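Got your viewer open? Load the model, switch on side chains as sticks, and we'll hop from one selection to the next.

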Amino acid sequence: MKRFQIGLAAFCLTATAFAAEPFDDKFRQLDELLPTANQYRTASGAPGHAYWQQRADYTIRASLDEANRAITGSEQITYHNNSPDTLNYLWLQLDQNIYKADSDARMTLTAPSREAWANARGAEDGMKFEGMRGILAGRDFDGGFKITSVKGAGGAALKTTINRTMMRIDLAQPLKPGEKITFSIDWSYKINEQKVLGGRSGYEHFDEDKNDLFEIAQWFPRMAAYYDVYGWQHKQFLGSGEFTLEFGDYDVQLTVPSDHIIASTGELQNPNDVLSSAQRDRLAKARTSKTPVIIVTQAEAEEAEKHQAKGTKTWHFKAKNVRDFAWASSRKFIWDAQGYKKDGSNLMAMSYYPKEGNPLWEKYSTAAIIHTIEQYNKFSFDYPYPTAISVNGPVGGMEYPMISFNGPRPVKDKKTGEITYTKRAKYGLIGVVIHEVGHNYFPMIVNSDERQWTWMDEGLNTFVQSLAQEAWEENYPAGRGDPRFIVDYMRSKNQVPIMTNSESLLQFGNNAYAKPAAALNILRETVLGRELFDYAFREYARRWKFKRPTPADFFRTMEDASGTDLDWFWRGWFYTTDAVDVSIDGITEYGVSTKNPETEKAWKKARHDAEPVSMIDQHNKGMVRKVDQHPELKDFYNEHDDYTVTNADRNKYAEATGDLEQWEKDLLAQGKHLYLVDFSNLGGLVTPLILEIELKSGKKYIERIPAEVWRYSPKKITKVIVTDESLVSLVQDPYWETADIDQSNNAWPRKVSQSRLELFKSRQPDNMMKDFNTPLKKKDEEKKAAESDKK
């Protein structure tokens with residue numbers, strides 16, 4: 001018994017040692033990752049027959065206290081419970097609480113390692129003035145909502161619990177399916193200085209004319225989302241994960257200084273009360289104009305800057321079926337507008353900007369808005385809202401329904417007063433307007449959960465943005481979208497998968513914006529082709545217009561509408577950090593033997609003659625040989641070599657081919673060239689093969705091989721390539737369309753990589769004595785040096 005047990009143990013060890021590696025099926029289905037389809041969300045990716053979503057309607061009255069930079073407001077919310085669930089409490093977002101000194105966002109701020117911070121090699125590594133200013137100001141700023149009352153429809157106080165950036169309202173009676181409840185909230189908060197404390201809204205102060213510009217968002221308590229997949233979406237607002245909200249109608253009255261101009265979500269209801277007759281006439285003209293019309297001129301804005309009005313005006317706006325509401329206010333605003341009407345879109349494109357934005361903004365902002373609507377309509381659905389607005393202020397780029405905040409401006413030379421703008425500022429403005437206005441489609445209408453998945457709004461939107469930029473002008477200097485731009489990120493180490501929660505992302509911009517955009521371009525251009533992709537993408541947008549999709553709904557819809565199994569693509573690009581790195585490891589040429597001795601022996605002789613001449617034969621060249629002196633010594637074998645065709649060869653050939661059918665004889669006579677090519681998948685991410693084949697005659701052509709070529713062997717494959725003539729070179733991914741991270745192994749024969757070697761002077765040692773004896777600069781010299789540095 002003991003001997004048997006030992007032997008069995010030894011057998012098991014041996015078997016384990018030689019066990020095959022588990023097969024890594026890159027094409028296995030996503031069933032274990034995607035949620036099970038149900039009556040709310042179907043297996044096709046469409047909303048189910050029982051799909052539901054909540055609704056919240058708002059009536060808001062608010063005032064801007066310009067002197068104290070504060071907002072005071074009252075709101076009435078009507079919340080509709082369209083779910084099949086009975087709710088005992090409601091959750092609201094208090095996003096302004098991120099500015100409390102003890103907020104999670106501030107308390108969880110970290111710095112680089114002590115070593116990295118202490119040994120900073122330059123401005124990129126070290127703490128900057130702005131960073132230190134923000135840390136200190138955040139400790140002193142009295143931010144966050146001051147909730148003064150929460151009452152039910154009858155005026156009775158409702159019990160509330162505030163948990164940092166979320167507030168729970170406990171209901172006196174459970175809210176049953178199909179019921180609605182109305183309640184009111186009174187609140188106030190101090191507006192943050194955006195350039196000091198950052199954020200997606202705030203004010204900007206202009207020292208030159210002593211005026212402020214206000215961009216106001218996340219400015220009222222907002223209903224949190226409640227939906228079938230997650231229930232209440234009450235993740236804390238930490239700064240990166242943005243918002244998901246419920247659709248509803250808004251009735252908003254905003255009281256501001258009487259000389260302010262307001263840009264806002266929705267349509268203005270009382271133009272006679274807040275606009276001059278000249279401004280109303282210009283606005284009417286703009287609706288049918290082919291170019292932007294100036295509603296408030298630069299001269300009028302500059303005149304308003306000089307005098308601050310004492311009184312107030314109330315602007316009244318209404319917006320239907322939007323998920324949020326934002327606005328901007330300043331006496332500095334220049335305002336231009338242009339109407340756009342085509343198919344199902346009928347809107348006013350409008351831009352608001354201070355004089356500091358010109359001449360850049362008056363030339364490009366509104367034009368970029370209209371271009372965005374034209375292009376996004378092609379790839380999704382007709383823009384449904386009555387306005388689309390771009391505002392220049394302190395926020396570099398942020399989106400809300402019908403309105404966006406965008407940053408780039410020209411620069412003014414402090415010495416000469418000359419105003420210029422860089423190429424980066426020009427295309428930065430066009431690009432950010434396209435991006436932020438484009439967010440009206442994703443996620444303002446296709447209402448994905450940004451608090452959960454940043455890529456679903458930023459990645460999809462960056463992808464469509466890249467298409468719109470391509471349509472702006474040839475060679476548009478884009479930085480995202482084309483797969484070649486994501487290569488450095490794909491080869492980096494500090495990564496997490498795209499399918500990572502918004503607050504846990506590393507390399508945020510690359511992960512949530514650039515990589516999804518590059519992936520979708522690869523899917524469109526290389527995997528599916530434009531026709532299949534565009535149809536499926538439009539289907540996704542139209543299915544989930546004014547609804548809340550999840551990643552599974554996107555993945556499933558793209559497969560369903562394109563008729564293509566893409567689980568391998570989603571798994572590799574979205575659920576892993578694998579990269580594309582295909583290597584051409586080796587090539588062997590094979591010719592099909594014709595069996596004809598005349599042909600085959602000639603081929604063998606040609607191979608022999610092509611071999612290098614040995615050094616012995618080279619050195620013996622010209623030597624007088626015995627048979628040269630005595631020709632009588634030569635015989636049959638001096639006249640015939642191993643490649644002479646004999647009659648026996650001919651008879652054998654005749655016998656071998658005598659019983660072949662004609663198609664078999666034709667196959668032998670074709671003279672095709674066969675190449676066995678070994679490919680390795682070094683990066684782990686399977687990809688189609690795009691092979692550029694160059695023949696001896698100079699002819700080049702492309703063979704495209706689907707990614708499924710890797711399905712049985714995901715690490716190494718051998719492919720047969722058949723050509724009509726000799727192959728002289730082979731290149732995988734010749735157009736850099738798959739984001740392959742190492743082009744050096746993509747060619748046969750290998751290509752020489754080119755670079756530049758920089759030469760530097762030897763660094764001279766520090767001379768403390770010389771530095772100690774250096775004369776101090778006089779005040780006028782210091783002033784000149786400072787002015788020189790500013791240039």
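**Stop 1: a lysine on its own**

Start by selecting Lys515 and Trp573: a polar atom of the lysine side chain lies 3.4 Å from the backbone oxygen of Trp573. Keep in mind throughout that this is a predicted model. For orientation, Lys515 lies in helix H13, which covers residues 508–528.

Which side chain of opposite charge is nearest to Lys515? That's Asp578, but it is 8.4 Å away, and Lys515 has no salt bridge even though it is buried. The salt-bridge cut-off is 4 Å from nitrogen to carboxyl oxygen. Now show the neighbours of Lys515: leaving out residues up to four places away in sequence, it touches Ile486, Tyr489, Met490, Gln495, Ile498, Asn510, Trp573, Thr576 and Thr577.

**Stop 2: salt bridges**

Asp578 does have partners elsewhere. Select it along with Asp24, Lys26, Arg28, Glu32 and Arg571, and you have a network linked by salt bridges. Across the whole structure, a search finds 47 salt bridges.

Next, pick Asp553 and Arg41, whose side chains meet in a salt bridge at 2.6 Å, N to O. Asp553 lies in helix H15 while Arg41 is in the loop between helix H1 (2–17) and E1, so this pair ties together parts that are 512 residues apart in sequence. Buried or exposed, these two? Both Asp553 and Arg41 are buried.

For another setting, jump to Asp104 and Arg164, a salt bridge with its closest N and O atoms 2.5 Å apart. Asp104 belongs to helix H2 (residues 104–107), and Arg164 to the loop between strand E5 (159–163) and strand E6 (166–175), so the link joins parts 60 residues apart in sequence. Asp104 is partly exposed, at 22% relative accessibility, and Arg164 is also partly exposed, at 42%.

Stay around those strands and select Asp170 with Lys159: another salt bridge, with the closest N and O atoms 3.6 Å apart. Asp170 is in strand E6 and Lys159 in strand E5, so the pair ties together parts eleven residues apart in sequence. Lys159 counts as exposed, with 53% relative accessibility.

**Stop 3: rings**

Time to colour the aromatics. The model holds 51 aromatic pairs. Zoom in on Tyr58 and Phe220: the ring centres are 5.4 Å apart and the planes sit at 75°, so the pair is edge-to-face. Tyr58 is in strand E1 (residues 55–65) and Phe220 in the loop between strand E9 (211–216) and strand E10 (222–223), which puts the partners 162 residues apart. Both Tyr58 and Phe220 are buried.

Then go to Phe537 and Phe554, an edge-to-face pair with 6.5 Å centre to centre and 85° between the planes. Here the link runs from helix H14 (residues 530–543), home of Phe537, to helix H15 (residues 551–562), home of Phe554, with the two positions 17 residues apart in sequence. Phe537 is buried at 1% relative accessible area, and Phe554 is buried at 0%.

**Last stop: charges over rings**

Where does the charged end of Arg222 sit? Look over the ring of Phe243, 4.6 Å from its centre. Finish with Arg548, whose charged end sits over the ring of Tyr227, 4.8 Å from the ring centre.

Methods. Residues numbered from 1 in each chain as written. Predicted model: local features only at pLDDT ≥ 70, side-chain atom pairs only at ≥ 80, totals over all residues. Heavy atoms only, no water. Phe/Tyr/Trp six-rings, centres within 6.5 Å; stacked < 30°, edge-to-face > 60°. Helix = DSSP H or I, 4+ residues; strand = E, 2+ residues; numbered from the N terminus. Buried < 20%, exposed > 50% of the residue type's maximum accessible area, 1.4 Å probe, protein only. Lys NZ or Arg CZ within 6 Å of the ring centre and 35° of its normal. Lys, Arg positive; Asp, Glu negative; His and termini not counted. Polar contact = N/O pair within 3.5 Å; in protein donor to acceptor, adjacent residues only side chain to side chain. Contact = heavy atoms within 4.5 Å.
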